[in-house]
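This briefing covers backbone geometry and charged side-chain contacts in one structure. The sequence and the model are shown first, and the points follow by topic.

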Amino acid sequence: MSSSRPRIGLALGSGSARGWSHIGVIRALERAGHAPDIVCGTSIGALVGAVHAAGRLDWLEDWVRRLTWPGVVAMLDFRMGGGLIEGSRLTGFFRQHFRDEGIEHLPLPFACVATELGTGREVWLREGPVIDAVRASIALPGLFTPTQLDDRLLVDGGLVNPVPVSLCRAMGAEVVIAVDLNWDLIGRRARAEVQTEGSGTDEADAPPAATSPIAALLARLRPLPRAAAGRARQAPSMLDVLTTSLNIMQVRITQSRLAGEPADVVIRPRLSDIAAMDFHRAALAIAQGEAAVERALPLLEDALGEPPAA
């Protein structure tokens with residue numbers, strides 16, 4: 001590889017639990033000799049991107065591969081008011097395992113996207129505490145409470161820029177690799193029912209019976225039970241409607257932003273069977289991230305002006 005290769009920016013998109021596939025994307029890019037020089041992220045992409053920029057991806061991968069559904073529930077603190085989850089347990093966990101000296105002191109250039117709730121403006125977080133910035137970027141409306149930073153009330157950056165290509169370019173990236181986690185979400189429920197109708201639920205993937213109000217609520221964010229042959233489809237719950245509506249919104253916004261601010265290469269892991277709260281299914285998500293990079297390598301090498309591998 002030429003020593004004068006262009007600076008690679010990696011734009012890690014939003015997508016809740018599907019975001020563990022970003023780990024696989026980064027691993028595969030590194031193996032191929034295309035490690036990013038700049039990392040930007042939105043929502044779960046901000047979390048993975050920040051940990052990678054800090055040099056702690058090994059730790060994160062080890063933790064998420066061991067994460068269970070009860071472990072997911074234990075990380076969350078239920079409350080009513082601005083969102084179902086306050087987020088203190090999650091941020092407290094990362095503060096225990098992450099030395100936060102500020103975004104500007106990370107070994108790898110990093111920034112993330114949030115949305116100002118009062119104005120709808122896109123906010124680029126490029127300095128200050130890493131964990132506070134990530135907490136703002138992941139504040140999915142209705143699920144996590146908003147975050148107060150300075151005088152601004154911030155929520156999930158996926159509302160305005162689900163795959164932050166523009167931020168990568170502003171940070172100095174010459175070739176931008178975008179990771180779109182949500183491209184195949186619309187129609188996921190219908191496809192799953194057609195593919196598995198009459199086969200029953202996969203018990204190995206199903207969460208254990210809910211033992212608390214928050215566990216019961218979160219379980220509703222998983223894919224709906226599939227209807228048996230000849231039976232009517234189950235009516236969606238309020239949370240089903242909310243998360244499906246957010247999926248539609250992010251897919252449409254992503255399509256619009258990528259059309260106006262195109263990346264040089266778009267990586268699209270196949271994640272339609274992973275639901276918003278399936279954080280305990282990291283192994284599958286990581287594998288899909290790696291596979292998506294393998295499919296995209298010829299395009300990436302062309303964008304970098306490198307000859308294909310022999």
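Ser43 lies in the loop that runs between strand 2 (38–42) and helix 2 (44–53). In this predicted model, Ser43 has a positive phi of about 60° although it is not a glycine. A second serine, Ser16, also has a positive phi, of about 50°. Salt bridges are the other topic, and their count comes to 13.

**Positive phi at two serines**

- Most residues other than glycine have a negative phi.
- Ser43 has a relative accessibility of 7% and therefore counts as buried, the cut-off being under 20%.
- Ser16 is found in the loop between strand 1 (8–12) and helix 1 (21–31).
- With a relative accessible area of 22%, Ser16 is partly exposed.

**Salt bridge between helix 1 and helix 3**

- Arg27 and Glu61 form a salt bridge through their side chains, at 2.8 Å from N to O.
- This pair links distant parts of the chain, since Arg27 belongs to helix 1 and Glu61 to helix 3 (residues 57–66), 34 residues apart.
- Both partners, Arg27 and Glu61, are buried.
- For Glu61, the relative accessible area is 13%, so this residue falls in the buried class.

**Salt bridges within helix 3**

- Glu61 also forms a salt bridge with Arg65, where the closest N and O atoms are 2.9 Å apart.
- Glu61 and Arg65 are separated by about one helical turn because they stand four residues apart in helix 3.
- Arg65 counts as partly exposed, at 43% relative accessibility, whereas Glu61 is buried.
- Asp62 and Arg66 form a salt bridge as well, with 3.0 Å between the closest N and O atoms.
- Arg66 and Asp62 are likewise four residues apart in helix 3, and therefore about one helical turn separates them.
- Arg66 is exposed, with a relative accessible area of 54%, while Asp62 is partly exposed at 41%.

**Network of shared partners**

- Salt bridges that share partners join Arg27, Asp58, Glu61 and Arg65 into one network.
- Within this network, Glu61 has salt bridges to Arg27 and to Arg65.
- Of the network members, Arg27 and Glu61 are buried, and Arg65 is partly exposed.

Key:
Residues are numbered from 1 along each chain as its sequence is written. This is a predicted model: local features need pLDDT of at least 70, side-chain atom pairs count only at pLDDT 80 or more; totals for chains, interfaces and linings use all residues. Side-chain values use heavy atoms; hydrogens and water are left out. Helices (H or I, at least four residues) and strands (E, at least two) are DSSP runs, numbered from the N terminus. Buried means under 20% relative accessible area, exposed over 50%, partly exposed in between (1.4 Å probe, protein chains only). A salt bridge is a side-chain nitrogen of Lys or Arg within 4 Å of a carboxyl oxygen of Asp or Glu.
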